[in-house]
Amino acid sequence: MGPHHPSTHGVCRFLLTMDGEVVVKAVPYIGYLHRALEKICENRTYPQCLPILDRFEYCTSMSCEYAFCLATEKLAGIQAPERAEYLRVIMLELNRIASHLIWFGTTSLDLGAITPFLYGFREREDILDLFEMTCGQRLTYNYIRIGGVSRDVPPEFIPKAKEFLDKFPAKIEDYVKLLNENPIWMIRNQNVGILPREMALSYGDSGPVLRASGIKFDIRKDDPYSIYDRFDFNIPTGKVGDCYDRYLLRIEEMRQSSRIVRQALEQLPSGEIKTKVSANFKPPKGEVYSRIENSRGEMGIYIQSPGDSKKPLRVKMRGGSYNHLQVMPEIVKGGKIADLVAVMASMDIIMPEVDR
Amino acid sequence: MDRTELTKYLLDRFSDKLQLLDTGKAEPVFILKAENLLEFCRTIKADDTLAIDFLCNIAAVDTGDLFEIVYSVASTKNRIRFDFKITMPYENAEIDSIQEFWAGANWHEREVWELFGINIRNHGNLTRFLLPDDWNQGFPMRKNWDAPDFVRMPEL
Amino acid sequence: MGLIKEVPIYLEKFPGGGILTTSLDYVLSQSRASSIWYLLFGTACCAIELMATGASRYDFDRLGMIFRASPRQSDLIIAAGTITKKMAPRLRLLYDQMAEPRYVIAMGGCTIKGGPFYYDSYSVEKGIDHIIPVDVYIPGCPPRPESLLEGCLTLQKKVKKQKLADCS
């Protein structure tokens, strides 16, 4: 099954051993999008690595850039100014909502419902308008830089963002009305792809997948970075760990993200947007692994710096989908092919995170 | 548990096996000897104060003289995160697999083998998965690797 | 297609037959251009922009283009995203499975010459035009939906100029 298949979210290939319609064994084959990003980063200066990291996980480019900047700032001891931190949080959370909308659209498309795809992408266009107003790009932004952000938001950003946040809850209610109590949706998602707690923890799953299995762990609350400890938001948790729980969790996360953006917009201070970082930026010798809560799980960047060089010695990227895809063969055993499609969609696997 | 308490606890408990690498950065990094790896992992997983149940990342580094494998671990119950690493020379680079403690290590170790050439004992499935099936050009992430169609970015 | 190709040869023998063949050319190429069905082939970032172009704001359906999942049912392959050495034989296979007349749009910098991954990458195929013949190149990283629509309109112009005699 794959690598070119409408439901494999990129290019993933599964070798399935079947007994009629039931999957007995599934082996994923990856590497169709292995672009050697880590080797590229070894020959780029630190600011030059940022556009490469944009393409690591393009649905949430801001998070990838931010993870790298967090690691570099920890290594070099740089602190970004207040306004920059608030702008970063606003962009990160808006990016999280945009990524969940892509997930919402493609999951429904995989399971046969075409209308939510159009609804999700319609809302996403509003968010992309906000991003385009700020940094000029719709998908791979190169906005969060080492020491701050690259440009300030224009004056029309805040009213437009508030307008989006005012009408967004009503749209979420629309989606909920379409799908939550829909019998077809419930049959295809409930008790499908149940991931037990211990297995999720052992395989290194994180993010919505871990929380749906019952473990309340969110890096924004348990290991806070940036200024997340100043905001008030809930962490939804699931009970059973099936696809339906993961779906409900992500819808709730979209609501919580809009709460965070609203609070950040109200508290936004004025001031500088970037600490001055020299053109020949050479962080001191050391290594750091920093992790953030991405919309797909834990995103970690490990950087080792040799000390007197403009280029890093090693950059290792860790994406949430890597571990989710690793656990998939265990949970699709005994189900049908259509269940495999539902599980892959609900775990929100994106192939560039797996392949780099 | 913050950084100083964690460092003190780990050094007291494993004084003969661990060595602190003083980086002064956020999370502590320790150096471990390769033969103590399995015992160390077993202990930190079973210990109640640490309760390390989450393996974040396994990264292999080619420093030019040595290979280093860096393990990043965390605990979801207690707020703990630290790294430990193992260094080894280029010839006969080998390490044990830790997937009996954390099953997520499987693919990370497979990738380390495929891109760097470090052999993983007791892994069970060291086959190609990121590179094409007919790849015969060596281990690409090593510093001394080259190939005819590999274009390096020119220095400006 | 074989029958239609032979008809003009007979038609031209009649007086005024030339007008019939040119009108036939015109009608057929117009209808072919107005309803190009494309294969859903997206590997990387450009695939998201392809999906966004097919969604509500910039609509592909108004140009008559709808996505199909199978290469046997599509006329166009929009290669969106980086093609790696591992994926290249699959792309060739998909192209070979498409029925003629078939067209290719290379979307994004990666398919033109490797894009941002030209330097220092050991596994990226530097451009797809040595794998399959390309009709339209759309630069950008990723190209905006308006660029993609312009690329599709350019392809339609190219298709409209095609004559029956060109198709094999």
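This report walks through a predicted model of a protein complex, looking at confidence, chains B and C, two helix pairs and a few backbone oddities.

## How confident is the predictor?

Let's start with the whole complex. The predictor gives it an ipTM of 0.91, and the pTM is 0.91 as well.

Now for chain C. Its mean pLDDT is 84, with 93% of its residues reaching 70 or more. That confidence varies along the chain: among the elements of chain C, helix H1 (residues 2–11) has the lowest mean pLDDT, at 68, while strand E5 (residues 136–138) has the highest, at 92. So keep H1 of chain C in mind as the element with the lowest mean value in that chain.

## Chain B

If you scan through chain B, you'll find three helices and seven strands. Following the sequence, they come in the order α-β-β-α-β-β-β-β-α-β. You can see four strands in a row between the second helix and the third in that pattern.

What about its dimensions? Along the principal axes, the C-alpha atoms of chain B fill a box of roughly 50 × 40 × 25 Å. The chain has 156 residues, and 55% of them are buried. Look next at contacts between residues with a separation of 6 or more: in chain B, 48% of these come from residues 24 or more positions apart.

## Chain C

Chain C has six helices and five strands. Its pattern along the sequence reads α-α-β-α-β-β-α-β-α-β-α, so you start with a helix and end with one too.

The box filled by the C-alpha atoms of chain C is roughly 65 × 35 × 25 Å along the principal axes. Out of 168 residues, 49% count as buried. Take the contacts in chain C between residues at least 6 apart in sequence: 78% of them join residues at least 24 apart.

## Two helices side by side in chain A

Here's a handy idea before looking at helix pairs: two packed helices are described by the angle between their axes and the distance between those axes.

In chain A, helix H6 (residues 157–179) packs against helix H11 (residues 243–267) at an angle of about 165 degrees, with the axes 11 Å apart. Because angles over 145 degrees count as roughly antiparallel, H6(A) is roughly antiparallel to H11(A). The crossing of H6(A) past H11(A) is left-handed.

Which residues make the contact? On the H6(A) side they include A:Ile158, A:Leu165, A:Phe168, A:Ile172 and A:Val176. On the H11(A) side, among them are A:Tyr247, A:Ile251, A:Met254, A:Val261 and A:Leu265. Sorted by class, the residues of this contact are 13 nonpolar, one polar and five charged.

## A crossing between chains A and B

Another pair links two chains. Helix H12 (residues 320–331) of chain A and helix H3 (residues 105–116) of chain B have axes that come within 9 Å and cross at roughly 110 degrees. Since 65 to 115 degrees counts as roughly perpendicular, that is how H12(A) sits relative to H3(B).

From H12(A), the residues in contact are A:Tyr322, A:Asn323, A:Leu325 and A:Gln326. They meet B:Asn106, B:Trp107, B:His108 and B:Glu111 of H3(B). By class, this contact has three nonpolar, four polar and one charged residues.

## Backbone oddities

Chain C has cis peptide bonds worth finding on screen. One runs from C:Glu100 to C:Pro101, with omega near -5 degrees. C:Pro101 is in the loop between helix H4 (88–97) and strand E4 (103–107). Another runs from C:Cys141 to C:Pro142, with omega near -10 degrees, and C:Pro142 is in the loop between E5 and helix H6 (145–160) of chain C.

Then there are aspartates with positive phi, even though they aren't glycine. In A:Asp348, phi is near 55 degrees; this residue lies in the loop between helix H13 (337–346) and helix H14 (351–355) of chain A. In C:Asp120, phi is about 65 degrees, and its loop lies between helix H5 (109–113) and E5 of chain C. Are these residues buried or exposed? A:Asp348 has 3% relative accessibility, so it counts as buried. C:Asp120 is buried too, with a relative accessible area of 1%.

Notes:
Residues are numbered from 1 along each chain as its sequence is written. Chains are lettered from A and ligands numbered from 1 in the order in which they are written. This is a predicted model: local features need pLDDT of at least 70, side-chain atom pairs count only at pLDDT 80 or more; totals for chains, interfaces and linings use all residues. Side-chain values use heavy atoms; hydrogens and water are left out. Axes are lines fitted to C-alpha atoms, for helices over the stretch in contact, and angles run from 0 to 180 degrees between N-to-C directions. Helices (H or I, at least four residues) and strands (E, at least two) are DSSP runs, numbered from the N terminus. Angles under 35 degrees count as roughly parallel, over 145 as roughly antiparallel, 65 to 115 as roughly perpendicular and the rest as oblique. A crossing is left-handed if the near helix is turned anticlockwise from the far one by less than a right angle, and right-handed if clockwise. Contact means heavy atoms within 4.5 Å. Ala, Val, Leu, Ile, Met, Phe, Trp, Tyr, Cys and Pro count as nonpolar, Asp, Glu, Lys and Arg as charged, and the others, Gly among them, as polar. pLDDT is the predictor's confidence in each residue, from 0 to 100. Buried means under 20% relative accessible area, exposed over 50%, partly exposed in between (1.4 Å probe, protein chains only).
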